[in-house]
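Got the model open in your viewer? Keep the selection tool handy, and we'll go from stop to stop.

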Amino acid sequence: MAEAERIINTPDTPEDGAHQAPEQAADQERERAGRGRRIAVLFAVAAFAYALDLISKTLVVAKLEGHAPIKLVGDLLELHAIRNPGAAFGFGAAFTVIFTVIAASVIVVIMRLARKLYSFPWAVALGLLLGGALGNLTDRIFRSPGVFNGQVVDFIAPKGFAIFNLADSAIVCGGILIVLLSFRGLDPDGTVHKD
């Protein structure tokens, strides 16, 4: 989190921007355009992940909830609709409101990081996190038993593993990508550091 705050607090342009050579001004303009494209990628990935999650949950609630599980790959993988008041693996069912606040906080941090985004891989990673967080936050706000206490619709059930949804998958994939990018030393602002 400290690294994210360092990046968020980095100024957009150098302080002596008024005294720049034309080449520097052109470079900055190209950087801004590049950042705009990265932000567009972030929001496109987030919108795609969110839409897939929303559509899949709508279909599951309409067609699968209250019915027997559907076997996809023998006993290895099935579709089984459940409502999850907690986090991953059903942990923390009594803390639904806290998970709602955490999801909202993640969304705010990602929106702030977007201002300093110059890295395509980070745009994809943050887009996955944003789409997944929005997907589960939508359930927490709009599903029963009530606002900020809603239960998340989970339906992907691998044998011997927790039941999850596409929002969870997006969050996990985004998190793995962030870990890999961090190990490579690539920051969201496009800088590479060697520790």
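Start by selecting residues 11-17, where pLDDT stays under 50. For this stretch the model has eight contacts beyond four places in sequence. Don't lean on those: where pLDDT is low, the predicted coordinates should not be read in detail. This is a predicted model, after all. Now colour the whole chain by confidence: the mean pLDDT is 84, and 78% of the residues reach 70 or more.

Next, switch to a cartoon and follow the chain from its N terminus. You should count five helices and three strands, and in sequence order they run α-α-β-β-α-α-β-α. Of the 195 residues in the protein chain, 35% count as buried. If you draw contacts with a separation of 6 or more, 67% of them link residues 24 or more positions apart.

**Helix α3**

Select residues 96-114, which make up helix α3. Try a distance between the two end C-alpha atoms: they are 27 Å apart, and 19 residues at 1.5 Å each should span 27 Å, so the two values agree. Now show side chains for T96, F99, T100, A103, I107, I110, L113 and A114, the buried residues of α3. Where do they sit around the axis of α3? They cover an arc of only 155°, which puts them on the same side of the helix. The spacing rule is a familiar one: an α-helix has 3.6 residues a turn, so residues three or four places apart point the same way.

**Helix α4**

Move on to residues 120-142, helix α4. Here the 23 residues should span 33 Å at 1.5 Å a residue, and the end C-alpha atoms lie 32 Å apart, which agrees. How many of the 23 residues of α4 are buried? The number is 17, so α4 is largely enclosed by the rest of the structure.

**The nonpolar cores**

Keep α4 on screen and bring up L42, I110, L117, W122, L126, L130 and I178 as sticks. In the largest nonpolar core, which has 19 residues, these touch the most other members. Helices α2 (22-63), α3, α4 and α5 (166-184) each supply at least two residues of this core. Which of them gives the most to this core? That would be α4, with eight residues.

Centre on W122 and show what surrounds it. Setting aside neighbours within four places in sequence, W122 is in contact with L117, I178, L181, S182, L186, D187 and P188.

Then look for a second, separate core: it has seven residues, including L64, A81, V153 and F155.

**From α4 into the loop**

Go back to α4 and pick I141, which is in this helix. I141 is partly exposed, with a relative accessible area of 23%. A C-alpha to C-alpha distance from I141 to V97 gives 9.6 Å, though they are 44 residues apart along the chain. Beyond four places in sequence, I141 is in contact with G146, V147 and F148.

Step along to R143, in the loop between α4 and β3 (152-158). Is R143 buried or exposed? R143 counts as buried, because its relative accessibility is 18% and the cut-off for buried is under 20%. Zoom in on its side chain, and you'll find a polar contact of 2.7 Å to the side chain of D139. Show the surroundings too: not counting residues up to four places away in sequence, R143 touches K57, V61, R83, T138, G150, Q151 and V153. V153 is one you have already met in the second core.

V147 lies in this loop between α4 and β3 as well. V147 is exposed, with a relative accessible area of 54%. Outside its neighbours within four places in sequence, V147 is in contact with R140 and I141. For another ruler check, take the C-alpha atoms of V147 and T100: they are 47 residues apart along the chain and separated by 9.8 Å.

**Last stop: after α5**

Finish with V192, in the segment after α5. V192 is exposed, at 54% relative accessible area. With neighbours within four places in sequence left out, V192 is in contact with R184, G185 and L186. The C-alpha atoms of V192 and S182 are 9.4 Å apart, with their positions 10 residues apart along the chain. You can pair this view with the W122 one, where S182 and L186 are among the contacts.

Technical notes. Residues are numbered from 1 along each chain as its sequence is written. This is a predicted model: local features need pLDDT of at least 70, side-chain atom pairs count only at pLDDT 80 or more; totals for chains, interfaces and linings use all residues. Side-chain values use heavy atoms; hydrogens and water are left out. Helices (H or I, at least four residues) and strands (E, at least two) are DSSP runs, numbered from the N terminus. The expected span of a helix is 1.5 Å times one less than its number of residues. Buried means under 20% relative accessible area, exposed over 50%, partly exposed in between (1.4 Å probe, protein chains only). The arc is that of the directions from the helix axis to the C-beta atoms. A nonpolar core is a set of buried Ala, Val, Leu, Ile, Met, Phe, Trp, Tyr and Cys residues joined through side-chain atoms within 4.5 Å. Contact means heavy atoms within 4.5 Å. pLDDT is the predictor's confidence in each residue, from 0 to 100. A polar contact is a pair of N or O atoms within 3.5 Å; within protein, one must be able to donate a hydrogen and the other to accept it, and residues adjacent in sequence count only if both atoms are side-chain atoms.
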